[in-house]
Amino acid sequence: MGRKIWFLTGNLGKVEEAREHLTPLGYDVNQLMVPKDTIIEPQSDSITEVAMAKIEQAKSHLPGGNDSEDMLMIEDAGLFIDALSGFPGVYSSYVHETIGCDGIIKLLSHLITEDSIRLANLRSAQFRAVAVLWDNGKVYIGNGHCPGYISTKIVEGNGFGYDPIFVPYDLDSDGVSLLAGEYGEVSTHGSPFGGVEVNIKKKFSHRSRALNDLFNQLPSA
Ligand code: IMP
């Protein structure tokens with residue numbers, strides 16, 4: 001087995017996704033769980049700062065303690081809406097629990113037009129993710145984002161969080177995001193993530209992009 005990476009997350013799906021990327025590089029990814037309320041999120045408008053603060057606090061919870069040879073990983077994400085100056089951003093979880101997708105639609109109710117391209121510009125937003133890996137004092141940071149816009153209607157079905165109201169911009173044949181109104185090889189055809197299969201959503205994923213960016217910086221284990 002290669003070097004151990006402890007991934008601080010309550011979400012096993014995220015652990016699986018990280019394994020898909022890291023096992024071929026020779027790393028052994030494990031889930032790190034800490035008791036609820038052990039890690040305090042600072043108030044900051046940067047997901048990177050939040051992730052770094054969590055790394056600092058989680059280090060001493062590595063099974064081998066501060067002197068551990070193992071590595072620690074954290075991943076954080078959020079939805080940033082341009083017309084709301086980046087809100088809910090780092091507060092995405094809290095805002096989702098309180099006002100939900102319905103509340104976001106209401107906040108944007110003044111931004112309506114029949115012109116679909118103008119709509120996709122007026123209501124532009126992006127999911128952003130950061131993946132941080134701590135290796136005995138050395139820190140690697142990977143970033144990923146997925147541009148798109150907030151729909152006018154909620155489409156429930158697949159996914160979680162803001163998937164029912166987030167429509168991604170199309171991707172070209174290399175998987176690169178296009179601009180509002182441009183047609184590409186991969187498209188949800190105007191549907192929010194909530195209305196498409198998970199394997200389609202994966203192609204756009206800010207999370208996969210952040211992990212790829214991180215892993216491209218790592219040497220083989
Ligand atoms: P986390 O840092 O990955 O837990 O994400 C924080 C919050 O952002 C989540 O609770 C969701 O509300 C929202 N979010 C992050 N990624 C996604 C996504 O892929 N789809 C929908 N909502 C997301």
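User: How many of the 11 residues of S3 are buried?
Analyst: In this predicted model, 10 of the 11 residues of strand S3 are buried, and S3 is therefore described as mostly covered (buried means under 20% relative accessible area, exposed over 50% and partly exposed in between, with a 1.4 Å probe and protein chains only). Local features need pLDDT of at least 70 and side-chain atom pairs need 80 or more, while totals for chains, interfaces and linings use all residues. Residues are numbered from 1 along each chain, and side-chain values use heavy atoms, without hydrogens and water.

User: OK, and what does S3 run antiparallel to?
Analyst: S3 is antiparallel to strand S4, which covers residues 124-135, and 10 bridges join the two. One position to look for is Leu72, which stands opposite Trp134 in S4. Strands, of at least two residues (E), and helices, of at least four (H or I), are DSSP runs numbered from the N terminus.

User: Which strand pairs with S3 in the parallel sense?
Analyst: That is S1, which pairs with S3 (residues 71-81) over three bridges; two strands pair if DSSP finds at least two bridges between them. If you want a residue to follow, the bridge partner of Ile5 in S3 is Met71.

User: And what is the partner of Ile5 in S2?
Analyst: In S2 the bridge partner of Ile5 is Val29, and the pairing of S1 with S2 (residues 28-32) is parallel too, over five bridges. Strand S1 itself, residues 4-8, is mostly covered, with four of its five residues buried.

User: Changing topic, how much space lies in the largest pocket?
Analyst: About 1400 Å³ of space lies in it, where the volume is the space filled by probe spheres set on grid points joined across faces, edges and corners. A pocket is an open set of points on a 1 Å grid over the protein atoms alone, where a 1.4 Å probe fits and protein lies on both sides within 12 Å along at least five of seven lines; lining residues have an atom within 4 Å of a point.

User: What lies nearest its centre, out of the residues that line the largest pocket?
Analyst: Of the 44 lining residues, Asn11, Lys14, Glu75, Ser93 and Phe160 lie nearest the centre of the largest pocket. The elements that give two or more residues to this lining are H1, H2 (47-58), S3, H3 (92-98), H6 (198-204) and H7 (206-215).

User: Which element gives the most to that lining?
Analyst: It is S3, the strand we began with, which gives six residues to the lining of the largest pocket.

User: What about the second largest pocket, which residues are closest to its centre?
Analyst: The second largest pocket holds about 300 Å³ of space. Of the 16 residues that line it, Tyr149, Asp170, Gly181, Tyr183 and Gly190 are the closest to its centre. Helix H5 (116-122) and strand S6 (166-168) are the elements that give two or more residues to this lining, and H5 has the largest share, with three residues.

User: Now the loops: is Lys59 buried or exposed?
Analyst: Lys59, in the loop between H2 and S3, counts as buried because its relative accessibility is 14%. The C-alpha atoms of Lys59 and Met73 are separated by 9.8 Å, and the two residues are 14 apart along the chain.

User: And where is Ser191?
Analyst: Ser191 sits in the loop between S6 and H6, and it is buried because its relative accessible area is 17%. Its C-alpha atom is separated by 7.8 Å from the C-alpha atom of Val155, a residue 36 positions away along the chain.

User: Which residues does the cis peptide bond join?
Analyst: The cis bond joins Phe87 and Pro88, with omega about 0 degrees, and Pro88 is found in the loop between S3 and H3. This is worth noticing because most peptide bonds are trans, and most residues other than glycine have a negative phi.

User: So what phi does Ser85 have?
Analyst: Ser85 has a positive phi of about 55 degrees, although it is not a glycine. It belongs to the loop between S3 and H3, and it counts as exposed because its relative accessibility is 73%. Asn136, also not a glycine, has a positive phi of about 45 degrees; it lies in the loop between S4 and strand S5 (138-150), and at 49% relative accessibility it counts as partly exposed.
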